[in-house]
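Visitor: Could you walk me through this one? I would like to learn where the labels come from.

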Amino acid sequence: MLTVYTPADGALTRSEVAAGAPIPAAAVWLDMCAPSPEEERAVESALGVNVPTREEMTEIEPSSRLYEEDGALLMTATVICNA
């Protein structure tokens, strides 16, 4: 699932992006929870970066999970959801 957050009226508005729909240009946060290959490609295309796979994320040292790539700040996080 791909959830985006866009600014509106001084706050962030949460919305889900349907499969095949474009990612809003105003999005300031993209949240990927078990993304489909199509969603992953859409994010990579929109941002111009390579999104690491779940396997690649487990290999990233905790001290290297916040980084800059091509002018974009990226954070790889492992979080608990629906607990």
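Guide: Gladly! Let us start with Asp 70, which sits in the loop between S4 and strand S5 (72-75). Strands here are DSSP runs of E with at least two residues, helices are runs of H or I with at least four, and both are numbered from the N terminus. This is a predicted model, where local features need pLDDT of at least 70, side-chain atom pairs count only at pLDDT 80 or more, and totals for chains, interfaces and linings use all residues. Residues are numbered from 1 along each chain as its sequence is written, and side-chain values use heavy atoms, with hydrogens and water left out.

Visitor: What makes Asp 70 count as exposed?

Guide: Exposed means over 50% relative accessible area, buried means under 20%, and partly exposed is in between, using a 1.4 Å probe and protein chains only. Asp 70 has 71% relative accessibility, so it counts as exposed.

Visitor: What is notable about the phi of Asp 70?

Guide: Its phi is positive, about 55 degrees, although Asp 70 is not a glycine. Most residues other than glycine have a negative phi.

Visitor: Which other loop residue has a positive phi without being a glycine?

Guide: Asp 9, with phi near 55 degrees. Asp 9 lies in the loop between strand S1 (2-8) and S2. Its relative accessible area is 84%, so Asp 9 is exposed as well.

Visitor: How do you know that S1 and S2 are paired?

Guide: Two strands pair if DSSP finds at least two bridges between them. Six bridges join S1 to S2, so the pair qualifies, and the two strands run antiparallel. S1 and S2 form a hairpin with two residues between them, and Asp 9 is in the turn.

Visitor: Why is Thr 3 called buried or exposed?

Guide: Thr 3 has 3% relative accessibility, so it counts as buried. Thr 3 lies in strand S1, and its bridge partner in S2 is Glu 16. Leaving aside neighbours within four places in sequence, Thr 3 is in contact (heavy atoms within 4.5 Å) with residues including Arg 14, Trp 29 and Asp 31.

Visitor: What makes up the largest nonpolar core?

Guide: Six residues: Leu 2, Val 4, Val 17, Ile 23, Val 43 and Val 51. A nonpolar core is a set of buried Ala, Val, Leu, Ile, Met, Phe, Trp, Tyr and Cys residues joined through side-chain atoms within 4.5 Å. Beyond four places in sequence, Val 51 touches Val 43, and also Met 32, Glu 40, Glu 44 and Glu 56.

Visitor: Which residues form a nonpolar patch on the surface?

Guide: Leu 12, Val 28, Trp 29, Leu 66 and Met 75, with about 570 Å² of accessible area together. Patches are made of residues with over 30% relative accessible area and no salt bridge, with nonpolar side chains (Val, Leu, Ile, Met, Phe, Trp, Tyr) joined within 5 Å and like charges within 9 Å. A salt bridge is a side-chain nitrogen of Lys or Arg within 4 Å of a carboxyl oxygen of Asp or Glu. The areas come from the Shrake-Rupley method with a 1.4 Å probe, and for residues only the protein chains shown count as cover.

Visitor: What makes Pro 62 count as exposed?

Guide: Pro 62 has 65% relative accessibility, so it counts as exposed. Pro 62 lies in the loop between helix H2 (54-58) and strand S4 (66-69).

Visitor: How many helices and strands are there in the protein chain?

Guide: There are two helices and five strands, running β-β-β-α-α-β-β from the N terminus on.
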